[in-house]
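Let's take a friendly walk through a protein model, one question at a time. Have the viewer open and follow along.

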Amino acid sequence: MAIEHSLRNLYADLKSNIDLPRHLAKRLSAPLLMYPTKRWAEADKKVLVIGQDTFGWGANSTRGGVFNNFLDFQAHEDAIDALLRNYEQFNFAFGTRHYGSPFWSAYRQIRRIVDKGDVDGIKTSVLWTNLF
């Protein structure tokens, strides 16, 4: 998928070229790297729901790395792949303690309309990200 390749290049550029002071990089969470689905890439109308960064994305993850902050993201050789897997395997909060939160409830209502009733699973034309 061309968009995935473009995003990987953008993420790699960010990772290698951003120069944050160490004290700031330790206070920022790891970036939420979106994993665009095939359905989203092919959709006529693409929807992106934006939430608030919770300072915890990727922290203590069992999905390929531990990223307590932006500094960890920069130091980990496979950080981009690991955080993309996090996004994909998080599966829009399905099966997590966050599933019933107001944000994810609203997300599923939007998805129910856009995806014609399909509210769970990675195949969607409704993606999410957080403000960083």
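The questions below go from the overall fold to single helices, a few residues and a pocket.

Q: What pattern of helices and strands does the protein chain follow along the sequence?
A: Keep in mind that this is a predicted model. The protein chain has six helices and two strands. Reading along the sequence, their order is α-α-α-β-α-α-α-β.

Q: What percentage of the contacts in the protein chain with a separation of 6 or more comes from residues 24 or more positions apart?
A: The protein chain has 132 residues, and 38% of them count as buried. For contacts with a separation of 6 or more, the share from residues 24 or more positions apart is 68%.

Q: Which residues of H1 are buried, and do they line one face or several?
A: Helix H1 covers residues 2-17. Its buried residues are Glu4, Leu7, Tyr11 and Lys15. Seen down the axis of H1, these fall within an arc of 75 degrees, so they line one face of the helix. In short, Glu4, Leu7, Tyr11 and Lys15 are buried, and they line one face.

Q: Which helices do the buried residues of H1 pack against?
A: It helps to tell the two sides of H1 apart. The face turned away from the buried side carries the exposed residues Ala2, Leu10, Ser16 and Asn17. The buried residues of H1, in turn, pack against H4 and H5.

Q: What is the distance from the first C-alpha of H5 to its last?
A: H5 has 12 residues, and at 1.5 Å a residue the expected span is 16 Å. The model comes close to that expectation, with a reach of 16 Å.

Q: What covers the buried residues of H5?
A: The buried residues of H5 are Ala79, Ile80, Ala82, Leu83, Leu84, Asn86, Tyr87 and Phe90. Right after the helix comes Asn91, with a positive phi near 55 degrees. The cover over the buried residues of H5 includes H1, H4, H6 and S2.

Q: Why do the end C-alpha atoms of H6 agree with the expected span?
A: Helix H6 runs over residues 102-114, which makes 13 residues. At 1.5 Å a residue these should span 18 Å, and the distance between the end C-alpha atoms agrees because it is 18 Å.

Q: Where around H6 do its buried residues sit, on the same side or on opposite sides?
A: In H6, the buried residues are Trp104, Tyr107, Arg108 and Arg111. They cover an arc of only 95 degrees around the axis, which puts them on the same side of H6. Pro102, Gln109 and Ile113 are exposed on the other side of H6. For the buried residues, then, the answer is the same side of H6.

Q: Is Phe67 buried or exposed?
A: Phe67 sits in the loop between S1 and H4. In space, its C-alpha is 8.9 Å from that of Leu83, with their positions 16 residues apart in sequence. Buried means under 20% relative accessible area. Since Phe67 has 1% relative accessibility, it counts as buried.

Q: How far apart in space are Leu48 and Leu127, C-alpha to C-alpha?
A: Leu48 lies in strand S1 and is partly exposed, with a relative accessible area of 40%. Beyond four places in sequence, Leu48 touches Met34, Leu127, Trp128 and Thr129. Leu48 and Leu127 are 79 residues apart in sequence, yet their C-alpha distance is 4.9 Å.

Q: Which residues does Thr129 touch, not counting residues up to four places away in sequence?
A: Thr129 lies in strand S2 and is buried, with a relative accessible area of 13%. Leaving out residues up to four places away, its contacts are Leu32, Met34, Leu48, Val49, Ile50 and Gly51.

Q: Which element gives the most to the lining of the second largest pocket?
A: This pocket holds about 220 Å³ of space. Its lining has 13 residues, with Tyr11, Leu14, Pro31, Leu32 and Leu33 nearest the centre. By class, 11 of the lining residues are nonpolar, two are polar and none is charged. H1 and S2 each supply at least two lining residues, and the most, four residues, come from H1.

Notes:
Residues are numbered from 1 along each chain as its sequence is written. This is a predicted model: local features need pLDDT of at least 70, side-chain atom pairs count only at pLDDT 80 or more; totals for chains, interfaces and linings use all residues. Side-chain values use heavy atoms; hydrogens and water are left out. On a 1 Å grid over the protein atoms alone, a cavity is a set of points where a 1.4 Å probe fits but cannot get out, and a pocket is an open set with protein on both sides within 12 Å along at least five of seven lines; lining residues have an atom within 4 Å of a point. Grid points are joined across faces, edges and corners, and a volume is the space filled by probe spheres set on the points. Ala, Val, Leu, Ile, Met, Phe, Trp, Tyr, Cys and Pro count as nonpolar, Asp, Glu, Lys and Arg as charged, and the others, Gly among them, as polar. The expected span of a helix is 1.5 Å times one less than its number of residues. Buried means under 20% relative accessible area, exposed over 50%, partly exposed in between (1.4 Å probe, protein chains only). The arc is that of the directions from the helix axis to the C-beta atoms. Contact means heavy atoms within 4.5 Å.
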